[in-house]
Amino acid sequence: MAAERFRDKIEKLIPADGWGRPLLWYASVGSTNDVALNLARQGFREGTVVGAEEQTKGRGRGDRGWFSPRGTGLWFSLILRPSLPPPYLGRIGLWTSLAVLEGVRATTGIDADLSWPNDILVRGRKLAGILAESSGAAGAVEYVVVGVGLNVNQDTADFPARLQTVATSLKEEVGKELDRAPLLANLLLHLRESYSAHSSNGFSDIAQHWKAHAGLLGKRVEIRWGTDRLTGQAADIGQDGELLLRVPSGVLRKIAWGQASIL
Ligand code: BTN
């Protein structure tokens with residue numbers, strides 16, 4: 001679908017004061033996070049959404065790429081201006097993954113799992129990923145860009161070979177193509193509601209809900225970051241969204257970076 005048609009369709013579905021105003025939707029960009037970071041720097045307001053039909057340099061966490069072919073997924077980035085000091089940034093990724101899970105469930109009935117820090121999985125395969133990036137100085141966050149990549153209408157065969165056994169899409173899970181516009185409108189609604197709840201009820205509420213969907217708590221996991229590996233039992237989520245990992249010596253370690261997988 002042409003980018004302008006998609007944007008017009010979305011604009012009819014989101015409330016006048018909802019997130020996605022303004023909504024900038026491109027036919028093709030390198031990375032929507034890069035475009036949104038640039039707009040945030042220029043002063044674009046909280047709730048601004050930048051999306052694209054295709055990303056040619058989609059970015060994932062830990063310097064990985066993000067496969068973002070034309071017209072098949074939702075590749076978008078949201079500008080936030082939270083009043084949080086930088087140590088709490090880890091919370092934003094957890095909060096976003098929970099809101100995306102809820103938006104997906106409300107639209108499709110699919111109950112996905114969450115993995116630390118912010119992967120959304122179905123049957124152990126990655127359905128969506130979140131990349132939160134921020135800028136600030138002197139202990140304050142100036143802005144955060146939260147990038148969401150959600151696989152919607154790909155068939156398994158559309159993924160590159162290395163992803164075919166580890167990725168999935170909503171189409172693969174529900175067995176039919178989905179209209180991306182109402183899905184995006186629902187995601188933005190859930191993100192907005194959950195953000196307000198987070199601001200008023202604090203993180204513990206979000207953490208409780210996140211944990212209810214996290215298959216890895218209590219299990220043996222491996223944490224990878226770069227070439228480093230650490231194994232232990234995933235015990236809990238800490239106050240800043242970090243993973244509390246019980247390592248073999250019995251010590252509980254706070255893990256702020258990395259990628260967990262169940263062993
Ligand atoms: C991950 O590694 O799991 C995070 C993937 C995040 C991908 C999204 S797609 C929209 C936004 N733009 C990017 O370049 N990345 C994020």
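Biologist: What makes the span of helix α3 close to the one expected?

Modeller: In this predicted model, helix α3 covers residues 89-108 and has 20 residues. The expected span is 1.5 Å times one less than the number of residues, which gives 28 Å for α3. The distance from its first C-alpha to its last is 29 Å, close to that expectation.

Biologist: Why is α3 called largely enclosed by the rest of the structure?

Modeller: A residue is called buried when its relative accessible area is under 20%. In α3, 15 of the 20 residues are buried, and therefore the helix is largely enclosed by the rest of the structure. Just after α3 comes G109, with a positive phi of about 85 degrees.

Biologist: How do you know that the radius of gyration agrees with that of a compact globule?

Modeller: The globule rule is 2.2 Å times the number of residues to the power 0.38. With 263 residues the rule gives a value near 18 Å, and because the chain has 18 Å, the two agree. The C-alpha trace spans about 55 × 45 × 30 Å along its principal axes. Six helices and twelve strands are found in the chain, and 51% of its 263 residues are buried.

Biologist: Which residues come nearest to the ligand?

Modeller: There are 20 residues around the ligand, and S31, Q55, R59, R61 and K126 come nearest. By type, the shell divides into five nonpolar, ten polar and five charged residues.

Biologist: What makes the pair formed by S31 and the ligand a polar contact?

Modeller: The cut-off for a pair of N or O atoms is 3.5 Å. A polar side-chain atom of S31 lies 2.7 Å from an oxygen atom of the ligand, so the pair falls within that limit. For T32, an N or O atom of the side chain is 3.1 Å from a nitrogen atom of the ligand. For R64, a polar side-chain atom lies 3.4 Å from a ligand oxygen atom. The 3.1 Å of T32 and the 3.4 Å of R64 are therefore also within 3.5 Å.

Biologist: How much of the ligand does the protein bury?

Modeller: The ligand taken alone exposes 410 Å², and the protein buries 99% of that. Two or more residues of the shell come from each of α2 (32-41), β3 (73-80), β6 (125-137) and β7 (140-151). The element that gives the most is β6, with four residues.

Biologist: Why is R180 called buried?

Modeller: The limit for buried is under 20%. R180 has a relative accessible area of 6% and is therefore buried. R180 belongs to helix α5, residues 180-201. A polar atom of its side chain lies 3.1 Å from the backbone oxygen of G73.

Biologist: Does Y143 of strand β7 count as buried or exposed, and why?

Modeller: Y143, in strand β7, has a relative accessibility of 3% and so counts as buried. Y143 and P15 are 128 residues apart along the chain, and their C-alpha atoms are separated by 23 Å.

Biologist: Why is L39 called buried?

Modeller: L39, found in helix α2, has a relative accessible area of 9%, so L39 is buried under the 20% limit. From L39 to Q208 the C-alpha distance is 33 Å, with the two positions 169 residues apart in sequence numbering.

Biologist: What makes D63 exposed?

Modeller: The word exposed applies over 50% relative accessible area. D63 has 82% and is therefore exposed. D63 lies in the loop between β2 (49-55) and β3. Its phi is positive, about 65 degrees, although D63 is not a glycine.

Biologist: Why does R123 count as exposed?

Modeller: R123 has 56% relative accessibility, which is over the 50% limit, and so counts as exposed. R123 is found in the loop between β5 and β6. R123 is not a glycine, yet has a positive phi of about 50 degrees.

Biologist: Which residues does a cis peptide bond join, and what is omega there?

Modeller: R21 and P22 are joined by a cis peptide bond with omega of about 0 degrees. P22 is in the loop between α1 (3-13) and β1 (23-29). The peptide bond from W116 to P117 is cis as well, with omega near 0 degrees. P117 is placed in the loop between β4 (113-115) and β5 (119-122).

Note on methods:
Residues numbered from 1 in each chain as written. Predicted model: local features only at pLDDT ≥ 70, side-chain atom pairs only at ≥ 80, totals over all residues. Heavy atoms only, no water. Near = heavy atom within 4 Å. Polar contact = N/O pair within 3.5 Å; in protein donor to acceptor, adjacent residues only side chain to side chain. Areas by Shrake-Rupley, 256 points an atom, 1.4 Å probe, with all protein chains shown as cover. Nonpolar A, V, L, I, M, F, W, Y, C, P; charged D, E, K, R; others polar. Buried < 20%, exposed > 50% of the residue type's maximum accessible area, 1.4 Å probe, protein only.
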